[in-house]
Amino acid sequence: MNNVLAHSWLIEYYNKCKSGEIIIGKELMTQLEMLMEDMNNPIFKFDPTEAHKRINFIEKECKHSISPYAGKPFILEIHQKALREATYGFYMWIEEKWIRRFTEVTYLVARKNGKSTEAAADANAEFFCGNVGTNILCASNDYDQAAIVFDEINNMREESPKLEKV
């Protein structure tokens, strides 16, 4: 593997899924196996630095605002960290520079499993850790759902002493 940091959540998640410690579907296992192969493919580079920047930001700066976890830090689970490494960790060489391989993600999560809170944490992480001038859009099938994510982004910002000034 090229340029892998000392620890990779994606590799740890893959190993736990492969061993049966974590049960996942066949499609996800196939995708994880392809990502593991791509780590050794010379046309790709795996460097989870940007992912770790966002993971650390979320866990240090983002707090829950809804009971029963209100005020507690947003600690990502291993599959959430692995997703961020897969999204932000793979690069491909195009036009004389390394660019991010993945810029869109389809993330399927059952209802009532914290999607809005996770989306808000991601939005804050991207705003503060991503490129300068990043725009964050909240969209949904209806205004009320979009407002839930927007309000949660703002609640997390207000809960953080470092971010509330922004």
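**Pocket lining and helix packing in the predicted model**

In this predicted model, the lining of the largest pocket draws at least two residues from each of H3, helix H4 (78-89), H5 and helix H6 (143-159). Among these contributions, H5 provides the largest share, eight residues. The largest pocket encloses about 1200 Å³ of space. Its lining comprises 34 residues, and Tyr-88, Val-105, Ala-119, Asp-122 and Ala-123 are those nearest the pocket centre. By class, the lining of the largest pocket contains 15 nonpolar, 10 polar and nine charged residues.

Two helix pairs were examined for their packing geometry. Two packed helices are described by the angle between their axes and the distance between the axes. For helix H3 (residues 49-61) and helix H5 (residues 115-129), the axes come within 9 Å and cross at roughly 120°. H3 and H5 are therefore oblique to each other, and their crossing is right-handed. On the H3 side, the contact involves Glu-50, Lys-53, Arg-54, Phe-57 and Ile-58; these meet Ala-121, Asp-122, Asn-124, Ala-125, Glu-126, Phe-128 and Cys-129 of H5. Six nonpolar, one polar and five charged residues make up this contact of H3 with H5. Asp-122 of H5 thus appears in the contact with H3 and is also listed among the lining residues nearest the centre of the largest pocket.

The second pair consists of helix H1 (residues 9-19) and helix H2 (residues 26-38), whose axes come within 10 Å and cross at roughly 130°. This angle makes H1 oblique to H2. The crossing of H1 and H2 is left-handed, whereas that of H3 and H5 is right-handed. From H1, the residues Leu-10, Ile-11, Tyr-13, Tyr-14, Cys-17 and Lys-18 meet Leu-28, Met-29, Leu-32, Glu-33, Leu-35 and Met-36 of H2. The H1 contact with H2 includes 10 nonpolar and two charged residues, with no polar ones.

Two features of the backbone were also identified in loops. Most residues other than glycine have a negative phi, and most peptide bonds are trans. Ser-67 and Pro-68, however, are joined by a cis peptide bond with an omega of about 10°. Pro-68 lies in the loop between H3 and H4, and both of these helices supply residues to the lining of the largest pocket. The second feature concerns Glu-95, a residue other than glycine with a positive phi, near 50°. Glu-95 is placed in the loop that runs between strand S2 (90-94) and strand S3 (97-100).

Notes: Residues are numbered from 1 along each chain as its sequence is written. This is a predicted model: local features need pLDDT of at least 70, side-chain atom pairs count only at pLDDT 80 or more; totals for chains, interfaces and linings use all residues. Side-chain values use heavy atoms; hydrogens and water are left out. Axes are lines fitted to C-alpha atoms, for helices over the stretch in contact, and angles run from 0 to 180 degrees between N-to-C directions. Helices (H or I, at least four residues) and strands (E, at least two) are DSSP runs, numbered from the N terminus. Angles under 35 degrees count as roughly parallel, over 145 as roughly antiparallel, 65 to 115 as roughly perpendicular and the rest as oblique. A crossing is left-handed if the near helix is turned anticlockwise from the far one by less than a right angle, and right-handed if clockwise. Contact means heavy atoms within 4.5 Å. Ala, Val, Leu, Ile, Met, Phe, Trp, Tyr, Cys and Pro count as nonpolar, Asp, Glu, Lys and Arg as charged, and the others, Gly among them, as polar. On a 1 Å grid over the protein atoms alone, a cavity is a set of points where a 1.4 Å probe fits but cannot get out, and a pocket is an open set with protein on both sides within 12 Å along at least five of seven lines; lining residues have an atom within 4 Å of a point. Grid points are joined across faces, edges and corners, and a volume is the space filled by probe spheres set on the points.
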